[in-house]
Amino acid sequence: MMTKETGRLTIPSDTDFLKETQELITRWGADAIRDSDGTKLDTGLKQLAVKLYSTYFVARGYNDFAEKHPETVQSLYLMSDRITATGTTVTIPFMAHYFDQQIRPNYRDDPHEYWEVIDRTADAVVPTTNWSLLPDDDTVTIRQAAPYHEYTVSFLAELIWDPTEMYNHLTNHWGDVPHQIPFDVRYPEAQQFIRDTLRRWLAANPEIDVVRFTTFFYHFTLIFDDQEREKFVDWLGYGGTVSVPALKAFEKVKGYRLRPEDFVDDGFYNSSYRVPSRHYRDYVDFIARFVADQAKILVDEVHAAGKEAMMFLGDNWIGTEPYGPYFKDIGLDAVVGSVGNATTLRLISDIPHVKYTEGRFLPYFFPDVFHKGGDPVAEAKQNWLTARRAIMRKPVDRIGYGGYLKLAAQFPDFVDYVTHVADEFRDIYSKIHGVKPYAGLTVGVLNAWGKLRTWQPFIVAHGKRYKQAYSYEGVMEALAGQAVNVRFLSFADITSQGVPKDIDVLINVGAAGTAFSGGDAWQDPALVTTIRAWVAAGHGFVGIGEPSAIPGTWAGRTFQLADVLGVDQEAGFSLSTDKYQPAPVADHFLTDGLTLPLDYGESTHNVYAFPETAVIAAANDEVTLTSHDYGQGRGVYLAGLPFSPQNANLLLRLMFWAAKKENAFQTWYATNPETEVAAYPDAGLYAVLNNTSAPQTTTVYTTGGQQVSVSLAPEEIRWERIDHEY
C-alpha cells in the first residue's frame, strides 16, 4: 500500500486564482508555489504555509536600462545566405531570411574590424578593401569577386528580443506587450545594474523563499527566420555570448584573437554535433569561468538575504555547464530543469554540488496543449512513464509544473492524473532516496565532449529529436533507466589517462565526423592503441552507427577500430575487392527472446563483416548486428538503436555480452521488455515496473537463478522485499 505523503511538489499559480490554488495545493500535496513567464502570484498566496518561488530574470525585462545603454545589448555572429557571384561584383543582403524583430546588425562596432566576408568556394577571406557596406539596405557589396564562387558575410548582430520571451509572446499572442531586450553583463555598468537591481528586489520581496534564476546571462542559441519560425536552435550553443569586450578579454586571457569563423563555423554555428575546435573549447572554458564568477556574486546576495538560490537549466543557462569545472563555485542551492524523457531526468538528477534538484514535468500549462479537444493527460502519461524509469535509478528531489494553472484546472482528468503522479513520486522517493541501486555493469560513453556534456549527447531540448540522430539518441534513453552505472568520457580522457579501471564496456555511438562518433580524434594512434589494448585485456567495446569512423577513410579504414569490431564500412574505394559475408548465426545470446527483425531506425549502410566475425543480423548484403572476439575481450557492432522497450533490452544484452558478463545478465532482470526491475539491496527492496498503460505479465529473475512470475496492472510499480541472501 502506497504511503500517502505530501510535499516535494511545486505548482504554478496566478493572480485572481487564490481559492482554486488552495484547493489544488491540498489535492496535490504541493508545498511550493511558483510564478511563470507572463504571470504574477496572487498576494493572498503569500499567507499560505508553502514555499514561494519567484522567477528572476537577470538580463532581460529591463528595457529602460537596455535602451539607455544600447552598447550593452547582447550580440552574436550570424552568417548570410550563400550568394553566387555571376560577375566580378556581387551584393549580399545579409539580413535576408532573418527575423528583423529579433536581431539587427551591429554597426556600432566597426564592421571592417569585426565582420568577415568569405569566398566559400576558395575557402578564403575577402580583404576588407574589396568590400563595402551599405547600412541603410543591410547589404555588403564585394568587388573583384571570382565569377561563380559562393560568398557569405559573417556579421555581428544585436539580439534585440529575448528568444524565450519572444517564443512565449508569439505562442500566447501577447500582442502589444513590449519586447524584452537582453543586455550583456560583460559591461561594467551592466554588472553594477544587475547587482543593484537584485538587492532592491530582495529587499522588496521578503516573503520569497526561493529565487529561481531563469537563468543568468546568456540564452542558448535560438534564431528565428523572417516567417517567425525557428531557424537555428542549439540548446548547448554559446553563440549569444559574443561581444566585442568578450573578444578582447579572451585575447588577453588566452593569448590569441578569435575571428568570426570561430563562431559561424561554416554556418554550423558550433553545434554540439560538430567536433569542437581548440579555439571553441577555449572559448567555452573562458565563458564558463566568467559566468561562474558573475553568478556567484548574485547567489551570495541571495544567501545574504536569507533565501535559497535556484537555477533553471534552460533559457539563459549558457556558461553554467553543471558538469563543468566551475559550476561548483557558483554556490547554488538547487537546479530545476524541464523533463522531456528519461535522459533529461538523469541530466537533472545527476547534477553535483547542489542541495537538491527539481524536475519540471510536461505538459507545460499553455494553450497549445490545454485547449478544447486537447489531451493533456496523454502527454502527461507519456512524460511520467518515460521519466519514471530514470527516477528509479536516481530520483530528482522534487517535481513540479509550470504555466497557467487556470488552464490546467479546467481539465478534471488531468488534475486527477497529477494527483497520481505526485503521490507515486513521493512514495518512490521515500523508499529509494540516498539508496544505491543495483548495477550489473559500469558503462563508459565515449565522445568528444565527455563529462562536460553528461547525459547531453544528441539532445535538442525537452526530449525532441532529429531524424538523423534518433537512432543514436535511443542509446541515452535506454541507459538512463537501466541497471548500469554510466560515465561520460572524452577522447582526451582516454589518451591522457587510459580507460578508467571501473569501466566494463565502452560505447561509441553516432554518425561519422560528428563530435559523438569522434571524427579526426581517431587519427590519434594513442587513442586507437589504448582502446585496442584495453579490449584485448578482457573488456568490451560497443559501436553503434558509425563508431570510430573517419569520413573518406584514414589509413585504409573507415572504422578505425574495425579490427576490434570485426566490421568496416565501404566508402566506395574498395568495391573492386570482393567481400564474402559470413552466414548469420542461427541463435545468439544477443537476440535471445527478442522479436525479429530488430528496429535499427535509420540504420547504417554499407557495413560489411570480416570472415571471423559472428554475424547475428544482416539484410541486403549489409550487416546490422555482429559480435567479434578480440584478444580476451569482445567488440559488438549495431547499425542503430532508436529507443523502444525491446531495443533497451537489446542494448543491455550487448553490454553484458561485450563485457563477457553474460552469465550475470539474469540478475534483477525482467523478461518482458515492457517491464523493468530496479533493485535496492541495501534497503532490502526491489520494484517491478510496468512502463505501459496496458496490463503486463513478466518473469522476474532476482539473484542466484531464482525467478518469479509477476502480473502488473497498467502503469503499476510492484514493490517487494528481498527475502533471500543477495
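**Notebook: strands, helices and two buried residues**

I began with Val567, which lies in strand E26, residues 567–569. I note here that the model is a predicted one. Is Val567 buried or exposed? Val567 has a relative accessible area of 0%, so I entered it as buried. I then listed what Val567 touches, leaving aside neighbours within four places in sequence. The contacts are Phe559, Ala562, Val607, Tyr608, Ala609, Phe610, Thr613, Val623, Thr626 and Tyr637. I also looked up Asp100, which is 467 residues from Val567 along the chain. The C-alpha atoms of Val567 and Asp100 are separated by 50 Å.

**Entry on Arg634**

My next residue was Arg634, found in strand E30, residues 633–638. Its relative accessibility is 10%, and because buried means under 20%, Arg634 counts as buried. Which residues does Arg634 touch, not counting those up to four places away in sequence? I found Val535, His539, Gly540, Phe541, His628, Asp629, Trp657, Ala658, Lys660 and Glu662. I checked Thr613 against Arg634 as well, and the two are 21 residues apart in sequence. From C-alpha to C-alpha, Arg634 and Thr613 are 11 Å apart in space. Thr613 had already come up among the contacts of Val567.

**Entry on helices H11 and H13**

I turned to helix H11, residues 376–391, and helix H13, residues 412–432. They pack at an angle of about 10°, and their axes are 10 Å apart. Angles under 35 degrees count as roughly parallel, and H11 and H13 are therefore roughly parallel to each other. I wrote down the residues that make the contact. From H11 they are Pro376, Val377, Ala380, Lys381, Trp384, Arg388 and Ile391. From H13 they are Asp413, Phe414, Tyr417, His420, Val421, Glu424, Phe425, Ile428 and Ile432. Sorted by class, this contact has 11 nonpolar, 1 polar and 4 charged residues.

I stayed with H13 and looked up its length. H13 has 21 residues and reaches 31 Å from its first C-alpha to its last. That is close to the 30 Å expected at 1.5 Å a residue. How many of the 21 residues of H13 are buried? I found 15, so H13 is largely enclosed by the rest of the structure. After H13 comes Gly434, which has a positive phi near 80°.

**Entry on strand E20**

I looked at strand E20, residues 442–447, for burial. Here 6 of the 6 residues are buried, so E20 is largely enclosed by the rest of the structure. Both faces of E20 are covered. On one side the buried residues are Thr442, Gly444 and Leu446, and on the other they are Val443, Val445 and Asn447.

I then traced the pairings of E20. With strand E21, residues 485–490, E20 pairs in the parallel sense over 6 bridges. Asn447 has Ser490 as its bridge partner in E21. To strand E22, residues 505–510, E20 is joined by 3 bridges, and these strands also run parallel. Val445 has Ile507 as its bridge partner in E22.

**Entry on antiparallel pairings**

I looked up an open sheet of 3 strands in the order E6-E11-E10, with antiparallel pairing. Its edge strands are E6 (90–93) and E10 (131–134), and each pairs on one side only. Neighbouring strands of this sheet are turned by 20° against each other on average, direction ignored. E10 is joined to E11, residues 139–142, by 4 bridges. One bridge partner I noted is Thr139 in E11, opposite Leu134.

Another open sheet of 3 strands has the order E31-E34-E35, again with antiparallel pairing. E31 (669–670) and E35 (707–712) stand at the edges with a single partner strand each, so one side of each is left without a neighbour in the sheet. E34, residues 696–701, pairs with E35 over 6 bridges. Thr699 has Ser709 as its bridge partner in E35.

My last look was at strand E14, residues 221–224, and strand E15, residues 230–234. They run antiparallel and are joined by 4 bridges. Ile223 has Phe232 as its bridge partner in E15. What is the phi of Glu228 in the hairpin of E14 and E15? Glu228 takes a positive phi near 65°, in a hairpin with 5 residues between the strands.

Conventions. Residues numbered from 1 in each chain as written. Predicted model: local features only at pLDDT ≥ 70, side-chain atom pairs only at ≥ 80, totals over all residues. Heavy atoms only, no water. Pairing = 2+ DSSP bridges. Axes fitted to C-alpha atoms, helices over the stretch in contact; angles between N-to-C directions. Parallel < 35°, antiparallel > 145°, perpendicular 65-115°, else oblique. Contact = heavy atoms within 4.5 Å. Nonpolar A, V, L, I, M, F, W, Y, C, P; charged D, E, K, R; others polar. Buried < 20%, exposed > 50% of the residue type's maximum accessible area, 1.4 Å probe, protein only. Expected span 1.5 Å × (residues − 1).
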